[in-house]
Amino acid sequence: MAALEQVTALALACGFSHAGELDAAGIRVRAEVREACAVNKCKAYDANWACPPACGTLAECESTLRKFKRGVLLQTTGVLEDSLDYESMERIGLEHQEHLEAFTDKIRGLFPGCLLLGAGGCRRCETCTWPASPCRFPEKMISSMEAFGMVVSDVCRDNGLPYYYGPGTLTYTGCVLLE
Ligand code: SF4
């Protein structure tokens, strides 16, 4: 549909390296992905309104997900000097966040009911208000694909977009579900 092509073009204009159409109806949700959140490698578990447990149970997240049929995958790819280049890993992550924020501000004007999912917890604020007080910017909140039980590499593969762009690269993936 033309709207998806426009959203893909908007994503690239916001700085994403790659964007591709997403069959939201075909997304599979896995309990083990959600269980892995509790291991808390990303330090967002029980620390962010956009992550478990604050974002709701997996069943509740899936119920939200099933309202959507179509969307767009959003990726930021960068180059690493070597496998220990943590500085570039952090920089690429920050770039992905910047692209997501720029895209979110525009896409929510076009599709007010859309669902934005990124990588890791919402980073709009330096410190999330969870659990002491309500989210400061619910219209800007970005949850994660993992919080919704998605195996990101599977979602990419199923929709014809690479998850890995080769040696010396790192890619962060998010998505927007539109309708
Ligand atoms: S917008 Fe701020 S308060 Fe709301 S989930 Fe994101 S970081 Fe937390």
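Trainee: Which helix gives the most to the lining of the second largest pocket?

Mentor: That's helix 3, with three residues. Keep in mind that we're looking at a predicted model here.

Trainee: Okay. And how much space lies in that second largest pocket?

Mentor: About 210 Å³. The lining is made of 13 residues, and those closest to the centre of the pocket are Thr64, Leu115, Met141, Ser143 and Phe148. Two elements give two or more residues to that lining: helix 3 (58-65) and strand 3 (115-118).

Trainee: What's the lining of the second largest pocket like by class?

Mentor: Nine residues are nonpolar, two are polar and two are charged.

Trainee: Let's switch to the largest pocket. What volume does it have?

Mentor: The largest pocket comes to about 830 Å³. Its lining takes in 36 residues, and the ones nearest the centre are Cys42, Ala119, Gly120, Glu146 and Tyr172.

Trainee: Which elements give two or more residues to that lining?

Mentor: You'll find helix 2 (31-37), helix 4 (86-110), strand 4 (143-144) and strand 5 (169-177) in that role. Helix 4 gives the most, with seven residues.

Trainee: And how many nonpolar, polar and charged residues does the lining of the largest pocket have?

Mentor: There are 20 nonpolar residues, 12 polar ones and four charged ones in the lining of the largest pocket.

Trainee: New topic, the ligand. Where does it sit?

Mentor: In the largest cavity. Careful with the wording there: a cavity is a set of points where a 1.4 Å probe fits but cannot get out, whereas a pocket is an open set.

Trainee: Got it. Which residues surround the ligand?

Mentor: There are several cysteines around the ligand, namely Cys122, Cys125, Cys128 and Cys135. Asn48, Trp49, Arg124, Thr129, Arg136, Phe137 and Met141 complete the set. Met141 also turned up among the residues closest to the centre of the second largest pocket.

Trainee: How does the shell around the ligand split by class?

Mentor: The shell has seven nonpolar, two polar and two charged residues.

Trainee: One last residue, Thr173. Where is its place?

Mentor: Thr173 is in strand 5, and strand 5 is one of the elements that give two or more residues to the lining of the largest pocket.

Trainee: Is Thr173 buried or exposed?

Mentor: Thr173 has a relative accessible area of 4%, so it counts as buried, the cut-off being under 20%.

Trainee: What does the side chain of Thr173 make a polar contact with?

Mentor: With the side chain of Gln75, at 3.3 Å.

How values were computed. Residues are numbered from 1 along each chain as its sequence is written. This is a predicted model: local features need pLDDT of at least 70, side-chain atom pairs count only at pLDDT 80 or more; totals for chains, interfaces and linings use all residues. Side-chain values use heavy atoms; hydrogens and water are left out. On a 1 Å grid over the protein atoms alone, a cavity is a set of points where a 1.4 Å probe fits but cannot get out, and a pocket is an open set with protein on both sides within 12 Å along at least five of seven lines; lining residues have an atom within 4 Å of a point. Grid points are joined across faces, edges and corners, and a volume is the space filled by probe spheres set on the points. Helices (H or I, at least four residues) and strands (E, at least two) are DSSP runs, numbered from the N terminus. Ala, Val, Leu, Ile, Met, Phe, Trp, Tyr, Cys and Pro count as nonpolar, Asp, Glu, Lys and Arg as charged, and the others, Gly among them, as polar. A residue is near a molecule or strand if one of its heavy atoms lies within 4 Å of it. A molecule sits in a cavity or pocket if more than half of its atoms lie within 2 Å of its grid points. Buried means under 20% relative accessible area, exposed over 50%, partly exposed in between (1.4 Å probe, protein chains only). A polar contact is a pair of N or O atoms within 3.5 Å; within protein, one must be able to donate a hydrogen and the other to accept it, and residues adjacent in sequence count only if both atoms are side-chain atoms.
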